[in-house]
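Work through the exercises below with the structure open. Try each task before reading its solution.

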Amino acid sequence: MDFDLSEEQRLLKDSVERLLADRYDFEARKRHGREPEGFAKAMWESYAEQGLLAVPFSEEDGGIGGGPVETMIVMEAFGGALALEPYLATVVLAGGVLRHAASPAQRAEWLPGLIAGETRYAFAQSERQARYDLNDVGVTARRDGDAWVLEGEKSLVLHGDSADRLIVSARTGGSRRDRDGIGLFLVEANAEGVSRRGYPTQDGLRAAEVSLSSVRVGADAVIGDPAGALPVIERVTDEAIAALCAEAVGAMDRMHRLTVEYLKTRKQFGVTIGSFQVLQHRAAEMFIALEQARSMAFLATMMAGEDDAEERARAIAGAKVQIGRSGRIVGQGAVQLHGGVGVTMEYSVGHYFKRVTMIDQLFGDADHHLGRVARMGGLIAA
Amino acid sequence: MDLRFTPEERAFRQEVRTFFQENLPQEIRQKMIDGRHPSKDDIVTWQKILNKKGWAVPNWPVEWGGTGWDPVRQYIFLDELQSFPAPSPLQFGVYMVGPVIAQFGNEAQKKHFLPRIANIDDWWCQGFSEPGSGSDLASLKTKAVREGDTYVVNGQKTWTTLGQYADWIFCLVRTDATVKKQEGISFLLIDMKTPGITVRPIQTIDGGHEVNEVFFDDVKVPVENLVGQENKGWDYAKFLLGNERTNIARVGVSKQRIRRLKELAAIERVGDTPILENPRFREKLAALEIELKALEMTQLRVVAAERTREKGKPDPASSILKIKGSEIQQATTELLLEVVGPYALPYAAEDEGDDHLSNEPPVGPDWAGPAAPTYFNWRKISIYGGSNEIQKNIIAKAILGL
């Protein structure tokens, strides 16, 4: 039982935090968001130079062999800075698929470009009707000789508009909600038949609707078992949730600090408003919610590497519930205690609130995961 | 960072559990499972068994019988004890006055009292709160006036838990009323048989007799029963309360209560369906389990940080443990009420403890009886040990700097 970071992990944390402190204050973020892709390409290059894009990949794949703890460190720092870059999409989601399911030859071909920051990926998994169900895949992949032909619509593809490559889940057999018969395919974003409509999301990030019309890919584009990809999708989604929990903790922590700082400086009735007990107690309640969320983000991190899919899913679903609930308490409290300035675009706290709120909506909200934990029989062993 | 228990820690947990399985009388365990109070004899019997094993006072210095376990093992032991469930060694001796005597007492006090506390030869109770001094404990008025070799004590203590069984009481008394309130308090050990002491029971809303008022009327206490220095008692009290808070989350208790809830919710039915299969109930239970899991992780963070903390200096984060721990324990009692449904109603005099044993069979399922009394009684958890509102003040001041 040890919550301390190793020497290497501390160095990673220091370096990513320093990079963001230097180049990602709130004003810089506004500028980054106005770039054509909706994020800072120069930051992406810096992440690559610092090895952040290499974090979860094995050394033989050209990575640094980090695990969930290293991902947590990076994501928590990104949460604190409200970073806009497609780290989750490229490194955690698509990178996760490649780590878990791609052949050595595919990894050798694709990972160097990803790690170098030259090729960005997005994970085209969700669909309009699927809501949060990972097995609900209507896009089809039909075999045609050695090739596959993909047909259908993907929705809410995170950073799908700026990605160079898409990893698309598609049905190769069975009916729309079957657990079997799902495959994963690598599709060049500019391939014939792919059209994308990009748009901003509420939190200032980007997503895309992706339409696939008779998109032909070769046999070498199939990642893993073309009929048995769901366990990979579930595993990668669990890892993404763990990463988002860490990002949310980073954002909540910053939001809480900003609020406490505000309580210490804002004066009304001739005194700092932090001298009022009713506000002190609300800040204390936010702190409790933050620390409970941090604890569950640790649990999610620890369980992200668990091979037993049910144990992993149970713990990570529990963590997502806690993050969602804590996000409400911390986010709403931060806005409320800031007063009017909390609901303005020009001040940062509202942006943290929005990101944390959207994290709850991603990959299943608190209510969705609470239902899952309940159906799995809870978190406390009988 | 590795949040798993080591193989050695897991083996230790198994060793503790095996010892409990082989040595805790089944009748006492069943009482704990049923949610009934262990009797005085139950507590004494069990603590003597633990003491024989050398496990009655694991938190004490090794030379006085402590086990020398690191904070993680201390945590595992308590977690197993609570979730087994087994009675806790008597809090007032083992976790409160014992560590104070070991830290601040003189050699004679240590030699006389500590072995007797460990073996529960003396039953101790706590004399801190007074009718006018609750959250503002330092305002206490019970006074001790030195006359030659004795202190003469006059005043009143209250909320004295299990004081009806006590041989000794440790008291905070005012020895100087002319200085700042914290600087005129002393820590006295008082024999409950001393003339001038009267104990009056307070019945709590569940009908039980757990707490008492203790009156002191010209009670003569030998000066050798002063712990440490005169007027330094507040420091010792803070040390004591700091030790108390490390165990205040009672995660193991809530784990056991949730297991019990699941057992009973599998028996009780609405129509043909066990309550446990009602999705609405399951979600409430799952939400509670998630909160408890988060609390357990928070507790482990505090425990891990304890390795590098100065002893007796509580982590202000332990206020989180108190607040969430009490809320979760209380929530388990609400869910149990929901499970037993209408059979929460019948009031059985036996819930009043050993003094009122009844031969009447219970109305309804026999496990329903304690549901309402426990719900009523456990409202105390967010009040004692520094109310949850005081804990929020501590977080605001000590952690947030407001």
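**Exercise 1. A leucine with an unusual backbone**

Task: Determine whether A:L82 is buried or exposed, then place A:L82 in the chain and describe its phi.

Solution. This is a predicted model.
Step 1. The relative accessible area of A:L82 is 2%. Buried means under 20%. A:L82 is therefore buried.
Step 2. Find the neighbouring elements. A:L82 sits in the loop between α4 (68–81) and α5 (87–101) of chain A.
Step 3. Check the backbone. A:L82 is not a glycine, yet its phi is positive, near 55°. Most residues other than glycine have a negative phi.

**Exercise 2. An isoleucine in chain B**

Task: Give the phi of B:I120, its location and its burial class.

Solution.
Step 1. Phi of B:I120 is about 45°, a positive value in a residue that is not a glycine.
Step 2. B:I120 belongs to the loop between α6 (107–118) and β1 (124–127) of chain B.
Step 3. Its relative accessible area is 6%. The cut-off for buried is under 20%, so B:I120 counts as buried.

**Exercise 3. A peptide bond to inspect**

Task: Is the peptide bond from B:F84 to B:P85 cis or trans? Locate the proline as well.

Solution.
Step 1. Read omega for the bond from B:F84 to B:P85: the value is near -5°.
Step 2. Assign the bond: it is cis. Most peptide bonds are trans.
Step 3. Place the proline. B:P85 lies in the loop between α4 (71–83) and α5 (91–104) of chain B.

**Exercise 4. Two residues late in their chains**

Task: Classify A:A381 and B:S387 by accessibility, and describe where each one lies.

Solution.
Step 1. Take A:A381. It lies in the segment after α11 (366–375) of chain A. Its relative accessibility is 60%. Exposed means over 50%, so A:A381 is exposed.
Step 2. Relate A:A381 to A:S326. They are 55 residues apart in sequence, and their C-alpha atoms are 24 Å apart in space.
Step 3. Take B:S387. It lies in the loop between α11 (371–377) and α12 (388–399) of chain B. At 13% relative accessibility, B:S387 is buried.
Step 4. List the contacts of B:S387. Leaving out residues up to four places away in sequence, B:S387 touches B:S135, B:K322 and B:S382.

**Exercise 5. Annotated domains**

Task: Work out the helix and strand content of the annotated spans at residues 6–119 of chain B, residues 125–219 of chain B and residues 242–375 of chain A.

Solution.
Step 1. An unreviewed UniProt entry annotates residues 6–119 of chain B as "domain: Acyl-CoA dehydrogenase/oxidase N-terminal". This span is 69% helix and 0% strand, with its end C-alpha atoms 32 Å apart.
Step 2. Residues 125–219 of chain B carry the UniProt annotation "domain: Acyl-CoA oxidase/dehydrogenase middle", from an unreviewed entry. Here the chain is 0% helix and 51% strand. The end C-alpha atoms are 17 Å apart.
Step 3. Turn to chain A. UniProt, in an unreviewed entry, places "domain: Acyl-CoA dehydrogenase/oxidase C-terminal" at residues 242–375. This span is 78% helix and 3% strand, and its end C-alpha atoms are 20 Å apart.

**Exercise 6. Each chain as a whole**

Task: Test chain A and chain B against the radius of gyration of a compact globule, then profile each chain.

Solution.
Step 1. Chain A has 382 residues, so a compact globule would have a radius of gyration near 21 Å. Chain A has 21 Å, which agrees.
Step 2. Chain B has 402 residues, for which the globule value is also near 21 Å. Chain B has 22 Å, and this agrees.
Step 3. Count elements. Chain A holds 11 helices and 10 strands. Chain B holds 12 helices and 10 strands.
Step 4. Look at extent. Along the principal axes, the C-alpha atoms of chain A fill roughly 80 × 50 × 40 Å. The C-alpha trace of chain B spans about 75 × 55 × 50 Å.
Step 5. Assess burial. In chain A, 60% of the residues are buried. In chain B, 54% count as buried.
Step 6. Add the surface. Chain A exposes about 15,200 Å² of accessible surface, 48% of it from carbon and sulfur atoms. For chain B the accessible surface is about 17,400 Å², with 51% from carbon and sulfur atoms.
Step 7. Finish with charge. Chain A has 43 positive and 55 negative side chains, and the centres of the two sets are 7 Å apart. Chain B has 50 positive and 55 negative side chains, with the centres 5 Å apart.

Terms used:
Residues numbered from 1 in each chain as written. Chains lettered and ligands numbered in written order. Predicted model: local features only at pLDDT ≥ 70, side-chain atom pairs only at ≥ 80, totals over all residues. Heavy atoms only, no water. UniProt positions renumbered as here; feature names shortened; annotations may be inferred. Helix = DSSP H or I, 4+ residues; strand = E, 2+ residues; numbered from the N terminus. Rg over C-alpha atoms; globule rule 2.2 N^0.38 Å. Buried < 20%, exposed > 50% of the residue type's maximum accessible area, 1.4 Å probe, protein only. Areas by Shrake-Rupley, 256 points an atom, 1.4 Å probe, with all protein chains shown as cover. Lys, Arg positive; Asp, Glu negative; His and termini not counted. Charge placed at Lys NZ, Arg CZ, Asp CG, Glu CD. Contact = heavy atoms within 4.5 Å.
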